[in-house]
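Please open the model in a viewer and keep the selection panel at hand. The stops below proceed from the whole chain to single residues.

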Amino acid sequence: MDINLRIAQRLRELRSARGYSLEALAERSGVSRSNISLIERGQSSPTAAVLDKLAIGLSVALASFFDESERSPDGAAPSPLCRHADQPTWKDPASGYVRRRLSPSMPSALQLVEVVFPAGGRVALDSAVHDADIHQQVWLLQGEMELTIGETPWRLTQGDCLAMRLNQPIVFHNPGRKPARYVVALTNLDSRAGRFPSITPPSRNPS
């Protein structure tokens with residue numbers, strides 16, 4: 001499936017699961033109703049920053065938009081194996097960073113993602129996911145990266161691994177002259193999680 005169509009389908013599923021109208025999600029996320037509608041129809045290529053805002057509005061991790069659909073056309077159980085050729089990739093239109101979903105589509109509280117981050121690239125995400133306890137670790141395989149978690153800067157070199165919780169802004173920056181490559185491991189510690197990330201009911205007092 002084309003990656004923009006995958007994002008469109010997952011956005012519709014996540015919004016429907018929470019019972020949000022386009023207007024409600026626009027208010028919660030700060031993304032315009034018209035932009036959300038275009039994304040859901042596969043007519044717009046959203047940036048990482050826009051997907052991050054939508055994820056916060058839906059109380060999920062950004063990685064949720066790259067999951068397989070929860071509905072299998074033939075009803076078959078999801079496979080525990082995902083071949084390299086079948087791993088979906090996506091390129092952020094703004095920064096040029098490329099993410100590859102490594103994990104199989106079977107239900108799991110753990111998800112692995114590979115990222116290739118261009119030299120000099122920078123992405124700032126709010127990453128304040130509400131109503132979910134999502135943790136993330138970044139393991140740098142090649143190059144160098146600067147990550148600012150909240151107000152705390154961290155400089156990573158090859159082999160370093162940094163842990164964080166998705167409850168505050170994160171800035172990713174590659175200060176080097178070569179692309180950086182790293183693996184991201186995400187887990188949802190919500191005990192209700194049957195897959196990553198869980199689709200939980202909306203908060204009774206949304207902020």
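Helices (H or I, at least four residues) and strands (E, at least two) are DSSP runs, numbered from the N terminus. Read along the sequence, the protein then shows the pattern α-α-α-α-β-β-β-β-β-β-β-β-β-β, that is, four helices and ten strands. This is a predicted model, in which local features need pLDDT of at least 70 and side-chain atom pairs count only at pLDDT 80 or more, while totals for chains, interfaces and linings use all residues. Residues are numbered from 1 along each chain as its sequence is written, and side-chain values use heavy atoms, with hydrogens and water left out.

**The whole chain**

Select the entire protein and colour it by accessibility. Buried means under 20% relative accessible area, exposed over 50%, and partly exposed in between (1.4 Å probe, protein chains only). Buried residues make up 45% of the 207 residues. Contact means heavy atoms within 4.5 Å. Of the contacts with a separation of 6 or more, 67% join residues 24 or more positions apart.

**Helices H2 and H3**

Next, select residues 22–29 (helix H2) and 33–40 (helix H3). Axes are lines fitted to C-alpha atoms, for helices over the stretch in contact, and angles run from 0 to 180 degrees between N-to-C directions. The two helices pack at an angle of about 115°, with their axes 9 Å apart. Angles under 35 degrees count as roughly parallel, over 145 as roughly antiparallel, 65 to 115 as roughly perpendicular and the rest as oblique. H2 and H3 are therefore roughly perpendicular to each other.

Show the side chains at this contact. From H2, Leu22, Glu23, Leu25, Ala26 and Ser29 meet Arg33, Ile36, Ser37 and Glu40 of H3. These residues divide into four nonpolar, two polar and three charged; here Ala, Val, Leu, Ile, Met, Phe, Trp, Tyr, Cys and Pro count as nonpolar, Asp, Glu, Lys and Arg as charged, and the others, Gly among them, as polar.

Keep H2 selected. Its buried residues are Leu22, Leu25, Ala26, Arg28 and Ser29, and what covers them includes H1, H3 and H4. H2 is followed by Gly30, whose phi is positive, near 85°.

**Helices H1 and H3**

Add helix H1, residues 3–18. The axes of H1 and H3 come within 7 Å and cross at roughly 120°. H1 and H3 are therefore oblique to each other. The contact is made by Ile7, Ala8, Leu11, Arg12 and Arg15 of H1 with Ile36, Ile39 and Glu40 of H3. By class, this contact has five nonpolar, no polar and three charged residues.

**Helix H4 and Ser59**

Move to residues 48–58, helix H4, which is mostly covered: nine of its eleven residues are buried. The buried residues are Ala48, Val50, Leu51, Asp52, Leu54, Ala55, Ile56, Gly57 and Leu58. They pack against H1, H2, H3, strand E1 (89–91) and strand E4 (122–125).

Just after H4, select Ser59, in the loop between H4 and E1. Ser59 has a positive phi of about 60° although it is not a glycine. At 5% relative accessibility, Ser59 counts as buried.

**From Ser59 to Ala132**

Which residues does Ala132 touch, not counting residues up to four places away in sequence? They are Ser59 and Arg165. Ala132 is found in the loop between E4 and strand E5 (134–142), and is buried, with a relative accessible area of 14%. Now draw a distance from Ala132 to Leu166: the two are 34 residues apart in sequence and 9.0 Å apart in space, C-alpha to C-alpha.

**Asn174**

For the final stop, select Asn174, in the loop between strand E9 (170–173) and strand E10 (180–188). Is Asn174 buried or exposed? Asn174 is buried, with a relative accessible area of 0%.

A polar contact is a pair of N or O atoms within 3.5 Å; within protein, one must be able to donate a hydrogen and the other to accept it, and residues adjacent in sequence count only if both atoms are side-chain atoms. The side chain of Asn174 reaches the backbone oxygen of Phe117 at 3.2 Å and the backbone nitrogen of Gly176 at 2.9 Å. Not counting residues up to four places away in sequence, Asn174 touches Phe117, Pro118, Ala119, Gly120, Gly121, Glu144, Met145, Pro179 and Ala180.
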